[in-house]
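The following exercises introduce a structure step by step. Each task is followed by a worked solution.

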Amino acid sequence: MVKILISGMFGHMGRNVYDLAKDDPDIECAGGVDLREGDVDGVPVHAGFDGVKEKADVVIDFSSAANLDNVLHYAKKTGAGVVLATTGYTPAQIEEITQAAKHTAVFRTANLSIGINLLQKLVAEAAAFLGDAFDAEIIEKHHNLKKDAPSGTALMLADSINQACGNQKEYVYGREGIVGARKKQELGIHAVRGGTIVGEHEVMFAGEDEIITISHSARSKRVFAAGALRAAKFLKGKPAGLYDMKDVLSEN
Ligand SMILES: NC(=O)c1ccc[n+]([C@@H]2O[C@H](COP(=O)([O-])OP(=O)(O)OC[C@H]3O[C@@H](n4cnc5c(N)ncnc54)[C@H](O)[C@@H]3O)[C@@H](O)[C@H]2O)c1
């Protein structure tokens, strides 16, 4: 049995995680944390981590990048593992996560779906295979409530392409005005926002007279909630360290 605490419990993802956890015999939701106090089906939700009395093996965080210090502080204080699913961290915060992982088990990914994990591998392979002859561009689409842009997943895909190309890429976020001809090392990243789109990622490799497109479409938020529970089960009892979806999938 894995006891979880959901950070961002009243949010879209927090509720999805709670709903899935309710029906999972290997998971018990001990409580939640959000900006205001309350409960879900009698499970207490605290305003901040200070009031949390329930014991948890793993904190699942789907709140906001601004909440990072609080999540890491709680994890260090209690020894709980932490699944960081929130996106939009600054480079300084990513360094903070790396440091925290020396003391506690931290799982972090910008995308909890298995499909995106595969997409990451495929785009790296395609970029290495195609080399400079093809121009890579990433187009991501999300709902109109998403706060950060481009998506953490788009950046994760960009990093995979960049690594496969010897870290020579220059990220270009959208284009406007007289930008001139596209430079070979550019890697375009474009964010589209609208309606209730759950999450679409398309990587296009455009060459002379041919285009290869590799894409992924998330059809519901449940896919991310299921990934979060899978990560929580993986993390229970793990030593300090930084883990990601590859570790989870390879253990299975
Ligand atoms: N890794 C993934 O696979 C994945 C998938 C979906 C969403 N996300 C990310 O998860 C995050 C949440 O997404 P969402 O759609 O549920 O957003 P949301 O706005 O619906 O929910 C966020 C919740 O967190 C709460 N919150 C915000 N700041 C807080 C704080 N300082 N302390 C406590 N609670 C706080 C809000 O009150 C809200 O209830 C976003 O960063 C999103 O990009 C990641």
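## Exercise 1: Placing H201

H201 is part of strand β11, where helices (H or I, at least four residues) and strands (E, at least two) are DSSP runs numbered from the N terminus. Residue numbers start from 1 along each chain as its sequence is written. The model is predicted: local features need pLDDT of at least 70, side-chain atom pairs count only at pLDDT 80 or more, and totals for chains, interfaces and linings use all residues.

**Task.** Determine whether H201 counts as buried or exposed, and list its contacts beyond its neighbours within four places in sequence.

**Solution.** Step one is the criterion: a residue is buried if 20 or more other C-beta atoms lie within 10 Å of its own, exposed if 12 or fewer, and partly exposed in between, with C-beta atoms placed from the backbone. Step two applies the criterion: H201 counts as buried because it has 27 C-beta neighbours inside 10 Å. Step three concerns contacts, which require C-beta atoms, placed from the backbone, to lie within 7 Å. Leaving aside neighbours within four places in sequence, H201 touches I116, L119, E140, T153, A154, L157, S215 and H216.

## Exercise 2: The sheet that holds β11

**Task.** State the order of the strands in the open sheet of five strands, and identify which helix packs on this sheet.

**Solution.** Two strands pair if DSSP finds at least two bridges between them. By this rule, the five strands follow the order β9-β10-β8-β11-β12, and their pairing is mixed. The edges are β9 (170–173) and β12 (210–218), each of which pairs on one side only. From one strand to the next, the twist averages 20°. The helix packed on the sheet is α5 (residues 152–164), which touches β8 (135–142), β9, β10 (186–193) and β11. The direction of α5 makes about 165° with that of β8; axes are lines fitted to C-alpha atoms, for helices over the stretch in contact, and angles run from 0 to 180 degrees between N-to-C directions.

## Exercise 3: The hairpin of β11 and β12

**Task.** Describe how β11 and β12 are joined, and what is notable about the phi of D209.

**Solution.** Begin with the pairing: β11 (residues 199–207) and β12 run antiparallel and are joined by nine bridges. Along this pair, V203 faces I214 in β12, and G207 stands opposite E210. Next, consider the turn: the two strands form a hairpin with two residues between them. D209 lies in that loop between β11 and β12, and its phi is near 65°, a positive value in a residue other than glycine. For comparison, most residues other than glycine have a negative phi. Finally, D209 counts as exposed because it has 5 C-beta neighbours inside 10 Å.

## Exercise 4: The sheet of eight strands

**Task.** Give the strand order of the open sheet formed by eight strands, and locate D41.

**Solution.** The order is β3-β4-β2-β1-β5-β6-β7-β13, with mixed pairing. At the edges are β3 (38–40) and β13 (241–243), each pairing on one side only. The twist averages 25° from one strand to the next. Within the sheet, β6 (residues 81–84) and β7 (residues 105–108) run parallel and are joined by three bridges; L84 stands opposite R108 in β7. D41 is found in the loop between β3 and β4 (43–47). Its phi, near 50°, is positive although D41 is not a glycine. D41 is exposed, because 8 other C-beta atoms lie within 10 Å.

## Exercise 5: Helix α1, α6 and the ligand

**Task.** Characterise the crossing of α1 and α6, and state which element gives the most residues to the shell around the ligand.

**Solution.** The axes of α1 and α6 (residues 222–235) come within 9 Å and cross at roughly 65°. The contact involves M13, N16, V17, L20 and A21 of α1, together with R222, F224, A225, A226, A228 and L229 of α6. By class, these residues are nine nonpolar, one polar and one charged; Ala, Val, Leu, Ile, Met, Phe, Trp, Tyr, Cys and Pro count as nonpolar, Asp, Glu, Lys and Arg as charged, and the others, Gly among them, as polar.

Turning to the ligand, a residue is near a molecule if its C-beta atom, placed from the backbone, lies within 6 Å of it. The ligand is surrounded by 24 residues, the closest being G8, G11, M13, S64 and N67. Two or more shell residues come from each of α1 (12–22) and β2 (27–34). The element sought is α1, which gives the most, with three residues.

Conventions:
Contact = placed C-beta atoms within 7 Å.
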